[in-house]
Structure formats: structure tokens, C-alpha cells
Amino acid sequence: MAYEDWDKPSIRIRISESDVHYAGGLVDGAKMMQLFGDVATELLIISDGDEGLFRAYDAVEFLAPVHAGDYIEVYGKIKELGKTSRKMYFEAYKVIAPVEGQAGACDVLANPLLVAKASGTCVVPFERQRKSQSV
């Protein structure tokens with residue numbers, strides 16, 4: 001799905017120094033997976049009125065590095081509804097990046113950069129579903 005095809009960001013955050021895990025201000029992939037989980041929770045609350053549980057990822061791809069100071073937008077969509085399962089798809093884009101060597105300088109990226117994508121399944125037990133669902 002192209003960046004322009006999403007309705008709105010589900011989450012937009014600035015990656016901080018406390019998120020850095022590796023030398024050079026590099027953030028580990030677990031941070032993107034945490035954000036995908038947060039978006040999944042929001043989607044389940046909207047569709048079911050309950051946070052549900054993340055059951056499994058089918059696929060995860062880390063496509064570009066993420067560093068402290070980057071602004072990331074994360075999108076998610078429920079692709080399939082089962083009786084209790086919700087198959088979802090996620091993408092994370094870098095939309096603002098610091099300018100190297102210029103403290104405090106940042107650029108809004110003309111073309112947001114896809115940094116990670118994933119698909120997975122969440123579950124909302126039937127007795128905890130408080131809303132009727134639609135994809």
C-alpha cells in the first residue's frame with residue numbers, strides 16, 4: 001500500500017535518544033514492532049471495544065534504518081475478520097529526519113520512506129467483543 005493510500009496516521013512519534021539501541025543512534029526493530037502493537041490495539045478498540053491480544057506476526061520486514069530524531073508514522077488496517085481473529089497489515093514511514101551535522105536542523109521528507117512493514121493476527125475473545133465489526 002502506498003503512503004498516500006492510508007487515511008491518516010494511527011501513530012506519529014519522534015524517536016528519542018532513549019530509543020537508541022546501537023551505535024550511531026540506530027534504533028532496533030523491536031521499537032517498530034512495539035508501534036505496530038500499539039496500532040493493533042487501537043484498531044481492536046475501534047472494531048471490538050476491547051484491546052484484544054496480538055497472537056502472531058506472519059511477516060516482518062525492516063527496510064530502512066531508524067535513528068534518534070526521526071519522526072515515524074505508523075499505519076494499520078484490519079484486512080480480515082474471523083469470529084475472534086483479526087488479520088492486520090502495518091507499515092511504518094519516516095516522515096521527518098534530522099540533518100546530519102546540523103544540531104537541531106530537520107527536514108520534512110518530500111517522499112516518506114517506508115522503514116518497516118508487517119502482517120499478523122490479533123484475537124479478541126468472543127465474550128469480550130462489545131461492537132459489531134466491519135472491515
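Helices (H or I, at least four residues) and strands (E, at least two) are DSSP runs, numbered from the N terminus. This is a predicted model: local features need pLDDT of at least 70, side-chain atom pairs count only at pLDDT 80 or more, and totals for chains, interfaces and linings use all residues. Residues are numbered from 1 along each chain as its sequence is written, and side-chain values use heavy atoms, with hydrogens and water left out.

**Whole chain**

Show the protein as a cartoon. You will find one helix and seven strands. Trace the chain along the sequence: the pattern reads β-β-β-α-β-β-β-β. The C-alpha atoms fill a box of roughly 55 × 30 × 20 Å along the principal axes.

**Surface and charges**

Switch to a surface. The accessible area (Shrake-Rupley method, 1.4 Å probe) is about 7,600 Å². Carbon and sulfur atoms account for 50% of that surface. Of the 135 residues, 39% are buried (under 20% relative accessible area, 1.4 Å probe, protein chains only).

Next, select Lys and Arg as positive, Asp and Glu as negative. There are 15 positive and 20 negative side chains, and the centres of the two sets lie 7 Å apart.

**Arginine 86**

Select strand E6, residues 85-98, and pick out arginine 86. Is arginine 86 buried or exposed? Arginine 86 is buried, because its relative accessible area is 0%.

Which side chain makes a polar contact with arginine 86 at 2.8 Å? Display aspartate 48: its side chain is the partner. A polar contact is a pair of N or O atoms within 3.5 Å; within protein, one must be able to donate a hydrogen and the other to accept it, and residues adjacent in sequence count only if both atoms are side-chain atoms. Now add glutamine 129, whose side chain makes a polar contact with the arginine 86 side chain at 3.5 Å.

How values were computed. Buried < 20%, exposed > 50% of the residue type's maximum accessible area, 1.4 Å probe, protein only. Charge placed at Lys NZ, Arg CZ, Asp CG, Glu CD.
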